[in-house]
Amino acid sequence: MSPTDVLTIAGVSLSSRLLLGTAGYPSPAVLGAAIQASGSQLVTLGLKRTVQGGDNGFVDLALQAARAQGAHLLPNTAGCHTAREAVQLACMARELYGTAWVKLEVIGDAHTLQPDPFELLEAARSLVKLGFTVLPYCTEDLVLCRRLLDAGCAVLMPWGAPIGSGQGLLNLPGLRTLRERLPDATLIIDAGLGAPSQAAQALELGFDAVLLNSAVSQARDPVAMAGGFAEAVRAGRTAYRAGLMAPQDFARASTPVSGHAFLLGEAQ
């Protein structure tokens, strides 16, 4: 990726467009190696699970691996179901880790893990007023996304598919419309990606980055998979900047020959 083609969030420039989660890895050592292989400069941490269950050294190792490559920590409010709960957890994260950045999650349905749009917007407004840089996990709903931007969110993080499903980009028309209607917003696909090809597709559509967790942590070889996603993200971004050809409804010869002499066979 070009050194000049950086992802900028709240004045911070990131050379990598791959964000990585830290949950579910087989060991702290594998987590650290995966962060390094991904090249990610923004790694997420589920604070609620850490506080309730203990981290077994994962937090310290994630911080060490992140700092080793100039990465930043992005605490998230995963597991919260109300705006009040999410705001309290974000404030706790700021005290514990010294960062005002937060990935805001407020879940409205336990089966699909779809965000609650009303509680999410309320939490976003409160956190912005408290001085947070808010990155909300949302759907591709255009109206909700506009309201979140109006509330002062630095970035929008629409899902590609339900969390941990690995289904990829389920609503391509909706995501394409979101990108077209919000051309100046920073949009990061969050949740539902399962393969590097899906990450490349998101970047080809013009999305600014992707966030992954299960697709890497649950792979047979998480470190190799992290590297594969890094390559896919770079390829997708390069393709988007280069300009993809427009799809055609009919065949179109790549080497036109009409109007030109050409040799059919050897002369007798």
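Trainee: Which elements do the buried residues of helix 7 pack against?

Mentor: Good place to start, and keep in mind that this is a predicted model. The buried residues of helix 7, which spans residues 172-181, are G174, L175, L178 and R179. Their packing partners are helix 6 (142-150), strand 8 (157-158) and strand 9 (188-190).

Trainee: Why do the buried residues of helix 7 lie on the same side, and what arc do they cover?

Mentor: Take the buried set again: G174, L175, L178 and R179. They lie on the same side of helix 7 because the arc they cover around the axis is only 135°.

Trainee: And which residues are exposed on the other side of helix 7?

Mentor: Exposed here requires a relative accessible area over 50%. Turning to the side of helix 7 opposite the buried residues, the exposed ones are P173 and E180.

Trainee: At the start of helix 7, which backbone nitrogen does a side-chain oxygen of N171 reach?

Mentor: Let's look at where helix 7 begins. The side-chain oxygen of N171 comes to within 3.0 Å of its partner, inside the 3.5 Å limit for a polar contact. That partner is the backbone nitrogen of G174.

Trainee: Moving on, are helix 8 and helix 10 roughly parallel or roughly antiparallel?

Mentor: Helix 8 covers residues 196-204, and its axis comes within 7 Å of the axis of helix 10. The two axes cross at roughly 25°. Angles under 35 degrees count as roughly parallel. Helix 8 and helix 10 are therefore roughly parallel.

Trainee: Which residues of helix 8 make the contact with helix 10?

Mentor: The crossing of helix 8 past helix 10 is right-handed. On the helix 10 side, the contact involves M225, G228, F229, A232, V233, G236, R237, A239 and Y240. From helix 8 come P196, A199, A200, L203 and E204.

Trainee: What about helix 1: at what angle does its axis cross that of helix 10?

Mentor: Helix 1 (residues 28-38) also passes helix 10 in a right-handed crossing. V30, A33, A34, A37 and S38 of helix 1 meet P222, V223, A226, G227 and A230 of helix 10. The axes come within 8 Å, and the crossing angle is roughly 20°.

Trainee: Last one: which backbone oxygen lies 3.3 Å from a polar atom of the Q218 side chain?

Mentor: Q218 sits in the loop between helix 9 (214-217) and helix 10 (222-242). With a relative accessible area of 55%, Q218 is exposed. The backbone oxygen at 3.3 Å from its side chain belongs to G24.

Terms used: Residues are numbered from 1 along each chain as its sequence is written. This is a predicted model: local features need pLDDT of at least 70, side-chain atom pairs count only at pLDDT 80 or more; totals for chains, interfaces and linings use all residues. Side-chain values use heavy atoms; hydrogens and water are left out. Helices (H or I, at least four residues) and strands (E, at least two) are DSSP runs, numbered from the N terminus. Buried means under 20% relative accessible area, exposed over 50%, partly exposed in between (1.4 Å probe, protein chains only). A polar contact is a pair of N or O atoms within 3.5 Å; within protein, one must be able to donate a hydrogen and the other to accept it, and residues adjacent in sequence count only if both atoms are side-chain atoms. The arc is that of the directions from the helix axis to the C-beta atoms. Contact means heavy atoms within 4.5 Å. Axes are lines fitted to C-alpha atoms, for helices over the stretch in contact, and angles run from 0 to 180 degrees between N-to-C directions. Angles under 35 degrees count as roughly parallel, over 145 as roughly antiparallel, 65 to 115 as roughly perpendicular and the rest as oblique. A crossing is left-handed if the near helix is turned anticlockwise from the far one by less than a right angle, and right-handed if clockwise.
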